[in-house]
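Work through these exercises with the model open beside you. Try each task before you read its solution.

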Amino acid sequence: MEFNLIITGVGGQGGLTLSRIIGNAAMVEGYNVRIGETLGMSQRYGSVLSYLRFGEEVYSPLIEEGEADLMLALEPAEALRNARFLSKKSVAIINAYPIHTATTLVGKERYPELDEIREAIGKICPVHMADFQKEADKINPRTLGVLMLGYAYGKGLIPLKKESLLEGIRLTLRERLWEMNFKAFERGVELSRE
């Protein structure tokens with residue numbers, strides 16, 4: 001078994017933390033885990049991309065173009081920017097909550113419509129797109145990634161046990177953050193069944 005996951009978003013959304021949660025969960029199950037990261041200005045809304053690979057024999061953290069099994073896109077335009085990792089075997093879960101960067105705010109770039117993004121990615125692979133941020137905000141805005149992880153788990157798109165994923169949260173985050181993240185994970189699972 002080998003699983004390739006792309007997590008993409010902008011700085012400050014928690015993409016790197018999310019990759020560590022899933023990586024720790026995979027290690028709990030005894031898998032080899034490799035994480036690679038490319039950062040724009042991760043503190044100030046720059047692009048953030050995490051490659052997460054786990055399985056029996058995984059040596060390199062890098063994921064080849066078209067080789068992602070799953071993309072968790074915390075920001076919709078970043079899904080488009082990283083579409084090269086997707087193929088017909090992939091699934092993309094996209095947070096429909098745009099974060100405008102300096103270049104789109106000053107009018108140097110046009111921010112694509114959400115429907116355009118859904119349609120473009122949908123030509124490559126199945127897409128699940130929802131405003132996950134709105135749901136996370138009801139718990140805590142910083143739980144976005146874990147809520148989307150719960151959604152992916154609920155859809156059967158993450159080949160890890162629920163107990164391992166919750167343990168991944170415990171191993172990665174400070175104890176005072178556990179409860180709200182467990183709640184976000186459960187809310188994600190609920191949304192996956194709606």
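**Exercise 1. A glycine in a helix**

Which residues does Gly 150 touch, not counting residues up to four places away in sequence? Then decide whether Gly 150 is buried or exposed.

Solution. Keep in mind that this is a predicted model.

Step 1. Place the residue. Gly 150 is found in helix H6.

Step 2. List its contacts. Leaving out residues up to four places away, Gly 150 touches Phe 185, Gly 188 and Val 189.

Step 3. Check its cover. The relative accessible area of Gly 150 is 0%. Buried means under 20%, so Gly 150 is buried.

Step 4. Take one distance. Gly 150 and Leu 165 are 15 residues apart along the chain, and their C-alpha atoms are separated by 8.9 Å.

**Exercise 2. A methionine to compare**

Find the element that holds Met 27. Then classify its accessibility.

Solution.

Step 1. Met 27 is found in helix H1.

Step 2. Its relative accessibility is 48%. Exposed starts over 50% and buried lies under 20%, so Met 27 counts as partly exposed.

Step 3. Take a distance here too. The C-alpha atoms of Met 27 and Glu 57 are separated by 13 Å, with their positions 30 residues apart along the chain.

**Exercise 3. The nonpolar cores**

How many residues does the largest nonpolar core have, and which have the most contacts inside it?

Solution.

Step 1. Recall the general trend. In soluble globular proteins, nonpolar side chains tend to be buried together.

Step 2. Count. The largest nonpolar core has 38 residues. Those with the most contacts inside it are Ile 22, Leu 70, Leu 72, Ile 93 and Leu 160.

Step 3. Find the main contributor. Helix H6, residues 144-154, gives the most to this core: seven residues.

Step 4. Look for a second core. Another one, of 20 residues, lies apart from it. Its members include Ile 6, Phe 85, Ile 117 and Ile 121.

Step 5. Zoom in on Leu 160. Beyond its neighbours within four places in sequence, Leu 160 is in contact with residues including Ile 22, Phe 54, Tyr 153 and Leu 165.

**Exercise 4. The cover of a helix**

Which residues of helix H7 are buried, and what covers them?

Solution.

Step 1. Helix H7 covers residues 162-172. Its buried residues are Ser 164, Leu 165, Leu 166, Gly 168 and Ile 169.

Step 2. The cover over these buried residues includes helix H1 (15-28), H6 and helix H8 (178-193).

**Exercise 5. Aromatic pairs**

How many aromatic pairs are there? Describe two of them.

Solution.

Step 1. The count comes to five aromatic pairs.

Step 2. Take Phe 3 and Phe 54. Their centres are 5.3 Å apart, with 35° between the planes, and the pair is tilted.

Step 3. Place both rings. Phe 3 lies in strand S1 (residues 2-10) and Phe 54 in strand S3 (residues 47-55), so the pair ties together parts that are 51 residues apart in sequence.

Step 4. Check burial. Phe 3 counts as buried at 8% relative accessibility. Phe 54 is buried too, at 0%.

Step 5. Take Tyr 153 and Phe 185. Their ring centres are 5.7 Å apart and their planes are at 40°, so this pair is tilted. Tyr 153 sits in helix H6 and Phe 185 in helix H8, 32 residues apart.

Step 6. Check burial again. Tyr 153 is partly exposed at 24%, whereas Phe 185 counts as buried at 0%.

Step 7. Look for a cluster. Ring pairs link Phe 3, Tyr 31 and Phe 54 into one.

**Exercise 6. Two paired strands**

Do S1 and S3 run parallel or antiparallel? State how much of S3 is buried.

Solution.

Step 1. S1 and S3 run antiparallel, joined by nine bridges.

Step 2. Pick one bridge. Asn 4 has Arg 53 in S3 as its bridge partner.

Step 3. Eight of the nine residues of S3 are buried, so the strand is mostly covered.

**Exercise 7. The whole fold**

How many helices and strands does the protein have? Decide how compact the protein is.

Solution.

Step 1. The protein has eight helices and six strands. From the N terminus on, they run β-α-β-β-β-α-β-α-α-β-α-α-α-α.

Step 2. The radius of gyration is 16 Å, close to the 16 Å of the globule rule for 194 residues, so the protein is as compact as a globular protein of that length.

Step 3. Of the 194 residues, 52% count as buried.

Technical notes. Residues are numbered from 1 along each chain as its sequence is written. This is a predicted model: local features need pLDDT of at least 70, side-chain atom pairs count only at pLDDT 80 or more; totals for chains, interfaces and linings use all residues. Side-chain values use heavy atoms; hydrogens and water are left out. A nonpolar core is a set of buried Ala, Val, Leu, Ile, Met, Phe, Trp, Tyr and Cys residues joined through side-chain atoms within 4.5 Å. Buried means under 20% relative accessible area, exposed over 50%, partly exposed in between (1.4 Å probe, protein chains only). Helices (H or I, at least four residues) and strands (E, at least two) are DSSP runs, numbered from the N terminus. Contact means heavy atoms within 4.5 Å. Rings of Phe, Tyr and Trp (its six-membered ring) pair if their centres lie within 6.5 Å; planes under 30 degrees apart count as stacked, over 60 as edge-to-face and the rest as tilted. Two strands pair if DSSP finds at least two bridges between them. The radius of gyration is taken over C-alpha atoms; the globule rule is 2.2 Å times the number of residues to the power 0.38.
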